[in-house]
Amino acid sequence: MAAPLMDLGWIFVMLTFGWPAYLLWNASGQDYGKWTSHFHHWSPIFDDKDKWQIVASVLGICTTIGSLTYAGQVYGSMTVVKFYVIPYLWVNFWLVLITYLQHTDPQLPHYRNNEWNFVRGALATIDRDYGFILNAAFHHIADTHIAHHLFSQMPHYHAEEATEAIKKVLGEYYYFDNRPLVEAVWHSWTKCRFVEDDGDVLFFKN
């Protein structure tokens, strides 16, 4: 029983703290061989032209933290937790969950070296059906994600139409899963532990 409980614990950690961890030290992001943060304009994930945008972003975050600290002194810490921290964590939950499920499934190939190209990389994601309400609430980012990868400039309100066209062209290379949300998370978490170090076309293993 310990292993499933540990899995649930780590899923909770990922969905609660995954987004801040990604921003602070690029957790689960590409390995650049050194500490990488989205708050350092000299990080290898940015170009020189991005410097002042990163500086402005950090100043904005510092201003927000200062404002929240002031609000806590005026209105009380629990008020800030209720109206800011909990909604913030809720948004993080969905952001990490959706992104994780879009890119983590045993069906999805991983390409290395000469096997990789833009189209193959773009197709290495999976569309998932969250049901009518959630699909609509998220502007169909989950059930039309392959179209987003292929045509990132396309407005979301054309994504369903594009997806129907893509299905006909891709055939077996169109990846889709309609498991219930909780089952999908558990399936991906338990089946997708690692990819091997050797080979140019790889799949998740557990």
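Residues are classed as buried when their relative accessible area is under 20%, as exposed when it is over 50%, and as partly exposed in between. These classes are applied below to a predicted model. By this scheme H139, at 46% relative accessibility, counts as partly exposed. H139 lies in the loop between α5 (132–137) and α6 (145–150), and its phi is near 55°, a positive value in a residue other than glycine. H140 is likewise placed in the loop between α5 and α6. Its phi is also positive, at about 60°, although H140 is not a glycine. With a relative accessible area of 16%, H140 is buried, because the limit for that class is 20%.

The nonpolar interior was examined next. In soluble globular proteins, nonpolar side chains tend to be buried together. The largest nonpolar core of the model comprises 14 residues, of which M14, L15, L97 and L101 touch the most other members. At least two residues of this core are supplied by each of α1 (2–25), α3 (77–103) and α8 (181–191). The greatest contribution to this core comes from α3, which gives six residues. When neighbours within four places in sequence are left aside, L97 is in contact with L15, Y130, L181 and V185. Another core, of seven residues, lies apart from the largest one, and I146, A162, L170 and Y174 are among its members.

Charged pairs were then considered. A search of the whole structure finds nine salt bridges. In one of these, D105 is paired with R128, the closest N and O atoms being 3.1 Å apart. D105 lies in the loop between α3 and β1 (109–111), whereas R128 belongs to strand β2 (residues 127–128), so this salt bridge ties together parts that are 23 residues apart in sequence. Both partners, D105 and R128, are buried. R128 also forms a salt bridge with D177, for which the closest N and O atoms are 3.0 Å apart. Since R128 lies in strand β2 and D177 in strand β3 (residues 176–177), the pair ties together parts that are 49 residues apart in sequence. D177 is buried, as is R128.

A further salt bridge joins the side chains of E183 and R179, with an N to O distance of 3.6 Å. In this pair E183 is partly exposed, with a relative accessible area of 42%. R179 is partly exposed as well, its relative accessible area being 26%. Salt bridges link D105, R128, D177, R179 and E183 in a network. Within this network, D105 and R128 are buried, and D177 is buried too, whereas E183 is partly exposed and R179 is partly exposed.

The geometry of helix α2 was also assessed. Helix α2 (residues 51–75) contains 25 residues, which at 1.5 Å a residue should span 36 Å; the end C-alpha atoms of α2 are 36 Å apart, in agreement with this expectation. The expected value rests on multiplying 1.5 Å by one less than the number of residues. Buried positions in α2 include I54, A71 and G72. The elements that cover the buried residues of α2 include α3, the helix that gives the most residues to the largest nonpolar core. Just after α2, G76 takes a positive phi of about 105°.

Notes
Residues are numbered from 1 along each chain as its sequence is written. This is a predicted model: local features need pLDDT of at least 70, side-chain atom pairs count only at pLDDT 80 or more; totals for chains, interfaces and linings use all residues. Side-chain values use heavy atoms; hydrogens and water are left out. A nonpolar core is a set of buried Ala, Val, Leu, Ile, Met, Phe, Trp, Tyr and Cys residues joined through side-chain atoms within 4.5 Å. Buried means under 20% relative accessible area, exposed over 50%, partly exposed in between (1.4 Å probe, protein chains only). Helices (H or I, at least four residues) and strands (E, at least two) are DSSP runs, numbered from the N terminus. Contact means heavy atoms within 4.5 Å. A salt bridge is a side-chain nitrogen of Lys or Arg within 4 Å of a carboxyl oxygen of Asp or Glu.
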